[in-house]
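I opened my notebook to look up a few features of this structure and to write down what I found under each topic.

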Amino acid sequence: MDDKAAPGSPDYDVSIVGGGMVGASLAVALGPTGLRIAVIEAVALGDAGQPSYDDRSVALAYGSRRIFEGMGVWPGIEARSATPIHQIHISERGKFGFARLDRKDTGVEALGYVIKNRVIGEALLGVMQGFKNISVICPATMKAIKVGADAATVSIEMQGEKQEFRSKLVVIADGGRSDAREKLGIAVRRVDYGQIAVVANVSIKNVHHNVAFERFTPNGPVALLPMADKCYSLVWSVNPQEADALLSLSDDEFLKRLHNHFGDRLSSFVKVGKRDAYPLSLIQVDEHVRSRVALIGNAAHALHPVAGQGFNLGLRDVAVLAQVLCDGHDAGQDMGGRLLLEHYARWRKRDNFVVTSFTNGLVRVFSNDFFPLTVVRNVGLIAVDLFPPLKRSLVHRTMGLAGKLPRLARGLSLQ
Ligand SMILES: Cc1cc2nc3c(=O)[nH]c(=O)nc-3n(C[C@H](O)[C@H](O)[C@H](O)COP(=O)(O)OP(=O)(O)OC[C@H]3O[C@@H](n4cnc5c(N)ncnc54)[C@H](O)[C@@H]3O)c2cc1C
């Protein structure tokens, strides 16, 4: 896609800063509307160093599958690889409580799917290429944004040259460390968790039966997401010193350490792939929109990966913003008008709040060794396991099916 770099017309309806998993999803969602869209992405898409489409995998909630279906992206993802999650086993190492979430409680074929970020990227780019109304401006770095009464002006640098163009709306999708957000002076609340996620693919000896594991330990949670061929995607959150140690161990020592840490729930770990590290923090903004500006994805909220919710939340931003813009466009409204954008912000408020609080709460509650709290949280796990309405409500929310759903989240196309 990077050779489709030259901006066409200098004027767009919507310019999207950041062509990562969330920004590219918005472009594809808006493709069928015929709106003129620009995607400005700093790193050549398809490049091995592309940060959004790296070697990680995401647990994609069932509700996100529906959004991708509505966008026409799901067949491309499913054809490449999507491992269904049939059951999630949640427990605390060395304690009595545990909970099992099962697809049988939901009436759908899977609680979610494990998909490589790279596969999501390829599928999005494949569909994006089919839309003549989407210009991918890449590799190009956003340098400044000026908001005027009728349009926002985005200044970029591309192959050493400066350019600028105007659009009715600029969408900020440049990730958790968003430069665009900073340039606009949008305040963030940032909490450093003091944890690093060590990520790798690990193979086990026996088949995994599509069970995902979330195991809390005093040093941080360990998540194992089932992939093809007896393989798991591991996200092991630890303090920075421990992360350094885990990264420098030999493969055999690493597998032994993982087994000691995770316990005997799975057959033995036999192989580990390349290990990477991601520092973890919570990032929140209060201001999701301004006149001619909207924030989506990690630029609006970056979460701890403990519950696998970050991208799913960002994709729901996409589904709602795309519908608000599409309906506004059909009604002849200004794409960057504050009233229209506030509709998006209001619609997303509850889901953002609940998922962020839930994720942050999990990290806090399970990293505290105060004895009464360990008892309460383990009783809580058992309650979830044994009390069907509580379990259904939790599953419904984590599958991205709670609240008022936009058309894409019902698997319907926008137009
Ligand atoms: C270890 C780990 C595991 C995770 N697991 C899950 C999971 O299982 N499920 C889940 O839902 N979520 C998960 N997440 C969260 C998920 O990865 C993120 O929510 C998601 O990648 C955010 O996508 P984004 O497009 O908003 O931001 P990013 O992926 O950060 O993309 C931002 C894009 O903007 C570009 N950019 C930046 N600055 C500029 C600029 N100035 N000009 C132009 N372009 C720019 C970047 O090159 C990049 O392509 C996980 C996160 C981590 C760290």
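**Entry 1: the ligand and its surroundings**

I began with Arg 56, and I noted that a polar atom of its side chain lies 3.5 Å from an oxygen atom of the ligand. I should write down at once that I am reading a predicted model.

I then looked up two further polar contacts of the ligand. An N or O atom in the side chain of Glu 41 is 2.6 Å from an oxygen atom of the ligand, and for Phe 311 I found a polar backbone atom at 2.8 Å from a ligand oxygen. How much of the ligand does the protein bury? Taken alone the ligand exposes 1,000 Å², and I noted that the protein buries 89% of that area.

Next I asked which elements give two or more residues to the shell around the ligand. I wrote down helix H1 (21–30), strand S3 (57–61), strand S9 (140–147), strand S12 (188–204) and helix H8 (310–330). There are 31 residues around the ligand, and those that come nearest are Glu 41, Ser 52, Ala 59, Asn 298 and Phe 311. When I sorted the residues of this shell by character, I had 16 nonpolar, 12 polar and 3 charged ones.

**Entry 2: aromatic pairs**

I looked up the ring pairs, and the count comes to 7 aromatic pairs. In one of them, the ring centres of Tyr 12 and Phe 165 are 5.3 Å apart and the planes stand at 80°, which is over 60 degrees, so I entered this pair as edge-to-face. Tyr 12 belongs to strand S1 (residues 11–17) and Phe 165 to strand S11 (residues 161–172), so that the pair links distant parts of the chain, 153 residues apart. I also checked whether these residues are buried or exposed. Tyr 12 has a relative accessible area of 4% and is buried, and Phe 165 counts as buried at 4% relative accessibility; the cut-off for buried is under 20%.

I went on to Phe 68 and Phe 311, whose ring centres are 6.2 Å apart with the planes at 35°, so this pair is tilted. Because Phe 68 lies in helix H2 (residues 62–71) and Phe 311 in helix H8, the pair ties together parts that are 243 residues apart in sequence. Phe 68 is buried with a relative accessible area of 0%, and Phe 311 is buried with 10%. Here I recalled from my first entry that Phe 311 is one of the residues that come nearest to the ligand.

I also noted one aromatic cluster, formed by Phe 213, Tyr 232, Phe 262 and Phe 269. Over the ring of Phe 262 sits the charged end of Arg 215, 5.5 Å from the ring centre. In another place, Arg 275 lies over the face of Phe 254, at 4.6 Å from the centre of that ring.

**Entry 3: backbone details**

Which peptide bond did I find to be cis? It is the bond from Cys 138 to Pro 139, with omega near -5°, and Pro 139 is found in the loop between strand S8 (134–137) and S9.

I then turned to positive phi values in residues other than glycine. Asp 229 has a phi near 55°, and its place is in the loop between strand S14 (222–227) and strand S15 (231–238). With a relative accessible area of 73%, Asp 229 is exposed, because the cut-off for exposed is over 50%. Arg 292 is not a glycine either, and I noted its positive phi of about 70°. Arg 292 is in the loop between strand S18 (289–290) and strand S19 (293–295), and this residue counts as buried, at 4% relative accessibility.

**Entry 4: two buried residues**

I looked up Ser 25, which lies in helix H1 and is buried, with a relative accessible area of 0%. What does the side chain of Ser 25 reach? I found the backbone oxygen of Met 21, at 2.5 Å.

My final look was at Ala 299, in the loop between S19 and strand S20 (301–302), and I noted that Ala 299 is buried with a relative accessible area of 0%. The C-alpha atoms of Ala 299 and Asp 179 are separated by 9.1 Å, while the two residues are 120 residues apart along the chain.

How values were computed: Residues numbered from 1 in each chain as written. Heavy atoms only, no water. Near = heavy atom within 4 Å. Polar contact = N/O pair within 3.5 Å; in protein donor to acceptor, adjacent residues only side chain to side chain. Areas by Shrake-Rupley, 256 points an atom, 1.4 Å probe, with all protein chains shown as cover. Helix = DSSP H or I, 4+ residues; strand = E, 2+ residues; numbered from the N terminus. Nonpolar A, V, L, I, M, F, W, Y, C, P; charged D, E, K, R; others polar. Phe/Tyr/Trp six-rings, centres within 6.5 Å; stacked < 30°, edge-to-face > 60°. Buried < 20%, exposed > 50% of the residue type's maximum accessible area, 1.4 Å probe, protein only. Lys NZ or Arg CZ within 6 Å of the ring centre and 35° of its normal.
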